[in-house]
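Got your viewer open and your mouse ready? Let's walk through this model one selection at a time.

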Amino acid sequence: MQRCTLRSIPFYLGLLAGLGTLAGAARLRAEEPPPFQQLHCLKYAEGRIPIEALAPGAKPAGEIDVPMVICVARRPGQVIVLDAGYTDEEFGASWGIATWTDLTERLAELGVKPEQVDLVTISHLHWDHSGGTSRFPKARFVMQRRELEYAALDLPGNPFVKNGFRIDETIDALRLKWDGRLELVDGDALGWQPGLDLYLTPGHTAGTMTVCLDTIQGRVCYSSDAVYLYRNLAENLPLGIAVLPTEMFESYQKIRRVLRGGRLVPGHDMEIFRNAEKHGFRSVSDRVVAIVE
Ligand SMILES: [Zn+2]
């Protein structure tokens, strides 16, 4: 065995320096999070409403079951929730939504505690997507600047446009901004985080945001209410609530494009729970669907 002589010291120093460089490169790679490894969507309430309210012109007319949904994306070191849901059960009931259960209980089914959630993306400021921010005490939030400006400053007085907005969620968002927990993005943010793209897809509201994830099982986009039902996109049916109707159809086109052949999770389609396999998902239970696992 070679002994460590004075002459061999430079060699060992060189070796150590080389190892240091390798460790540095590995550390840099480790800081870049891997693709998302799990994505689940949860139904925490549901209602029965006329299909006209979601897709005017859909045939046959009649009532359909509508789920209230949040999704949970995970990779090592990161838990992201897509949309914050709502907590005001009574207000939900006034919209015909029943069987509400607390998000905390639903998250527990996935083994996730609310305080483990690092980031919540807010698709828009309607009550059923942004009324549950208080459930995520340690999370940061992200939404479109245009959505907050619209809800806070630019909402016209007419009840059709105001429908779905309440002052409570808008004030909560302003408070999160004040506390330094809300980041506002302007338009599309590709690679906002590695494997996480944010898109401005207005129409339903002025700043509705679609979130696309690169996962171990390909690309998945959560459009939230930029597309309520698969049928909105497949049959080019308008949304029941669209404050900017022209932009809504442009957003349909954009979502088709940014999907890049991946899978779509729309905002309120019971299909994802009842016909999970047809859409490339796996039904875990009546309330939970695995999109990526
Ligand atoms: Zn909405």
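**Stop one: a hairpin**

Select strand S2 (residues 63-75) and strand S3: they run antiparallel and are joined by five bridges. Before going on, some ground rules. This is a predicted model, where local features need pLDDT of at least 70, side-chain atom pairs count only at pLDDT 80 or more, and totals for chains, interfaces and linings use all residues. Residues are numbered from 1 along each chain as its sequence is written. Helices (H or I, at least four residues) and strands (E, at least two) are DSSP runs, numbered from the N terminus. Strands pair if DSSP finds at least two bridges between them.

Now click on the turn. Two residues sit between the strands of the S2 and S3 hairpin, and Gly77 there has a positive phi near 80 degrees.

Next, highlight S3 itself, residues 78-82. Four of its five residues are buried, so S3 is largely enclosed by the rest of the structure. (Buried means 20 or more other C-beta atoms within 10 Å of a residue's own, exposed means 12 or fewer, and partly exposed is in between; C-beta atoms are placed from the backbone.)

Add strand S5 (residues 119-121): three bridges join S3 to S5, and these two run parallel. Which residue of S5 is the bridge partner of Leu82? Pick Thr121 to see it. Over in S2, Cys71 stands opposite Leu82.

**Stop two: the core**

Stay with Cys71. Together with Val81, Cys71 has the most contacts inside the largest nonpolar core, which has 70 residues. S2 gives this core its largest share, six residues. (A nonpolar core is a set of buried Ala, Val, Leu, Ile, Met, Phe, Trp, Tyr and Cys residues joined through C-beta atoms within 7 Å.) Leaving aside neighbours within four places in sequence, the contacts of Cys71 include Leu39, Tyr222 and Val265. Contact here means C-beta atoms, placed from the backbone, within 7 Å.

**Stop three: Gly47**

Jump to Gly47 in strand S1 (residues 38-50). Is Gly47 buried or partly exposed? Gly47 is partly exposed, with 19 other C-beta atoms within 10 Å. Draw a C-alpha to C-alpha distance from Gly47 to Ile64: 8.3 Å in space, though they are 17 residues apart in sequence.

**Last stop: helix H9**

Finally, select helix H9 (residues 245-259) and colour its buried residues: Glu247, Met248, Ser251, Tyr252, Lys254 and Ile255. Those buried residues pack against strands S9 (196-200), S10 (209-215) and S11 (218-224), plus helix H8 (230-234). Just after H9 comes Arg260, with a positive phi near 50 degrees.

Note on methods: Contact = placed C-beta atoms within 7 Å.
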